[in-house]
Amino acid sequence: MGKMLERLAPEYGFEVTLILDIHNNVNGSGFTAENFRDVHAAIEFTAPDAAVANLEKLAVLRVPTVAGTTGWFGQLDHVRQLFENNHAGLVYSPNYSIGVNIFQRIVTEAAVWMQQQPAYEAWAWELHHSAKKDAPSGTLLKLVEGMRAAGYHNHVDVASNRAGAVPGTHEIGFDSAADTITLRHTARSREGFARGALHAAKWIAANKGVHEFSEILFSSEPQS
Ligand SMILES: NC(=O)C1=CN([C@@H]2O[C@H](COP(=O)(O)OP(=O)(O)OC[C@H]3O[C@@H](n4cnc5c(N)ncnc54)[C@H](O)[C@@H]3O)[C@@H](O)[C@H]2O)C=CC1
Ligand SMILES: O=C(O)C1=N[C@H](C(=O)O)C[C@H](O)C1
């Protein structure tokens, strides 16, 4: 994601002044007050086992932050508390694509209807490139969590595949003896993730608080 963010950042009015990676951030050594002195926003896309330590440092430095890494959301309460205690802004999401955030709402709505239909059984599936470290994807976990929050308590069979260079495909399905409903989002490239993260960075550079990305995206709800 780093290269894509660097390429698109100027379109969002950002100059990239610091890039930390596994080589220049050994034991968090890149997170100094000097390095972040004139930084208006940080975007964190690293690895599941690195994200929390990086986010802790960004909170203490009070840098408005966009959290993009997946696989750490079990520690969200701890990270949220740290940003709030330090009065630092944070946006988090397992997926910054606009399409996926709309897809999430469609899936949640389907779950409400399907909860009343015991003849249907459900599955959740995702496919990503073979370099992806976490499975299931953060997005798939959130889709299923959204179904649960909408009242869907039947079993959901969850599966993941890793192959080639696939940028990200997520599918929720319902099957009965009579028919099948398949809901699928397919990312065509990683550009949608990067654009969403840059949009969030611009927003959090000018606002306060801790927010899930969809709160920003859907801050003015469509009229029905
Ligand atoms: N929220 C979203 O929309 C999206 C989330 N992701 C997630 O973002 C994460 C990163 O994905 P990719 O960019 O594909 O990974 P990648 O493996 O291509 O790049 C990760 C980068 O993080 C650096 N890194 C690792 N540990 C570090 C540390 N301790 N400090 C600083 N830098 C460190 C590596 O040097 C590397 O440059 C994954 O968890 C992935 O699931 C990926 C795409 C979209
Ligand atoms: O690792 C990736 O590539 C992606 N990860 C995110 C996830 O785990 O949901 C989002 C996107 O699907 C790409």
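**Figure 1. The two domains of the protein chain.** The domain assignment splits the protein chain into domain 1 (2-96 + 191-217) and domain 2 (98-186). Please keep in mind, as you look at each view, that this is a predicted model. How far apart do the C-alpha centres of domain 1 and domain 2 lie? The separation between these centres is 27 Å. Where the domains meet, domain 1 contributes 12 residues to the contact and domain 2 contributes 11 residues.

**Figure 2. Ligand 1 and its surroundings.** Let us start with the neighbours: ligand 1 is surrounded by 20 residues, and M1, N25, T70, Y96 and K132 are the closest of them. Look for an oxygen atom of ligand 1 that sits 2.8 Å from a backbone N or O atom of M1. A nitrogen atom of ligand 1 also has a partner, an N or O atom in the side chain of N25, at 2.8 Å. At S93 the backbone takes part instead, with a polar backbone atom 3.1 Å from a nitrogen atom of ligand 1. Taken alone, ligand 1 exposes 870 Å², and the protein buries 75% of that. Which kinds of residue make up the shell around ligand 1? The shell has eight nonpolar, eight polar and four charged residues.

**Figure 3. Ligand 2 and the residues that hold its shell together from two domains.** Ligand 2 has 14 residues around it, and the nearest are H128, H129, K132, T139 and R190. Three oxygen contacts are worth finding here. In the side chain of T139, an N or O atom lies 2.5 Å from an oxygen atom of ligand 2. For H129, the distance from a side-chain N or O atom to an oxygen atom of ligand 2 is 2.8 Å. With G138 it is a polar backbone atom that lies 2.9 Å from an oxygen atom of ligand 2. Ligand 2 taken alone exposes 330 Å², of which the protein buries 89%. Sorting the shell around ligand 2 by residue type gives three nonpolar, eight polar and three charged residues. Which domains supply this shell? Domain 1 (2-96 + 191-217) and domain 2 (98-186) each provide at least three of its residues.

**Figure 4. A closer look at H129.** You have just met H129 beside ligand 2, where its side chain comes to 2.8 Å from an oxygen atom. Along the chain, H129 belongs to the loop between strand 4 (121-128) and helix 5 (138-149). Is H129 buried or exposed? H129 counts as buried because its relative accessible area is 17%, below the 20% cut-off. Setting aside neighbours within four places in sequence, H129 is in contact with R162, A163, G164, A165, V166 and R190.

**Figure 5. A cis peptide bond between A135 and P136.** A135 sits in the loop between strand 4 and helix 5, and P136 lies in that loop too. The peptide bond from A135 to P136 is cis, with omega near -5°. This is worth a pause, because most peptide bonds are trans. A135 is exposed, since its relative accessibility is 52%. Although A135 and A159 are 24 residues apart along the chain, their C-alpha atoms are separated by 8.7 Å. Apart from neighbours within four places in sequence, A135 is in contact with E126, S160 and R162.

**Figure 6. Positive phi values at R62 and H87.** Most residues other than glycine have a negative phi. For R62, though, phi is positive, near 60°. You can find R62 in the loop between helix 2 (51-60) and strand 2 (65-67), and it is exposed, with a relative accessible area of 51%. H87 has a positive phi as well, near 55°. Its place is the loop between helix 3 (76-85) and strand 3 (90-92). With 66% relative accessibility, H87 counts as exposed. Now follow the chain from H87 to K208: they are 121 residues apart in sequence, yet 7.8 Å apart in space, C-alpha to C-alpha.

**Figure 7. The buried residue E212 and its polar contact.** E212 is part of strand 8 (residues 210-212). Why does E212 count as buried? Its relative accessible area is 9%, and the cut-off for buried is under 20%. Which side chain makes a polar contact with the side chain of E212? The partner is K142, at 3.4 Å. Not counting residues up to four places away in sequence, E212 touches V91, Y92, S93, P94 and K142.

Key:
Residues are numbered from 1 along each chain as its sequence is written. Chains are lettered from A and ligands numbered from 1 in the order in which they are written. This is a predicted model: local features need pLDDT of at least 70, side-chain atom pairs count only at pLDDT 80 or more; totals for chains, interfaces and linings use all residues. Side-chain values use heavy atoms; hydrogens and water are left out. Helices (H or I, at least four residues) and strands (E, at least two) are DSSP runs, numbered from the N terminus. Buried means under 20% relative accessible area, exposed over 50%, partly exposed in between (1.4 Å probe, protein chains only). A polar contact is a pair of N or O atoms within 3.5 Å; within protein, one must be able to donate a hydrogen and the other to accept it, and residues adjacent in sequence count only if both atoms are side-chain atoms. Contact means heavy atoms within 4.5 Å. A residue is near a molecule or strand if one of its heavy atoms lies within 4 Å of it. Accessible areas come from the Shrake-Rupley method with a 1.4 Å probe; for residues, only the protein chains shown count as cover. Ala, Val, Leu, Ile, Met, Phe, Trp, Tyr, Cys and Pro count as nonpolar, Asp, Glu, Lys and Arg as charged, and the others, Gly among them, as polar. Domain bounds come from an automatic or database domain assignment.
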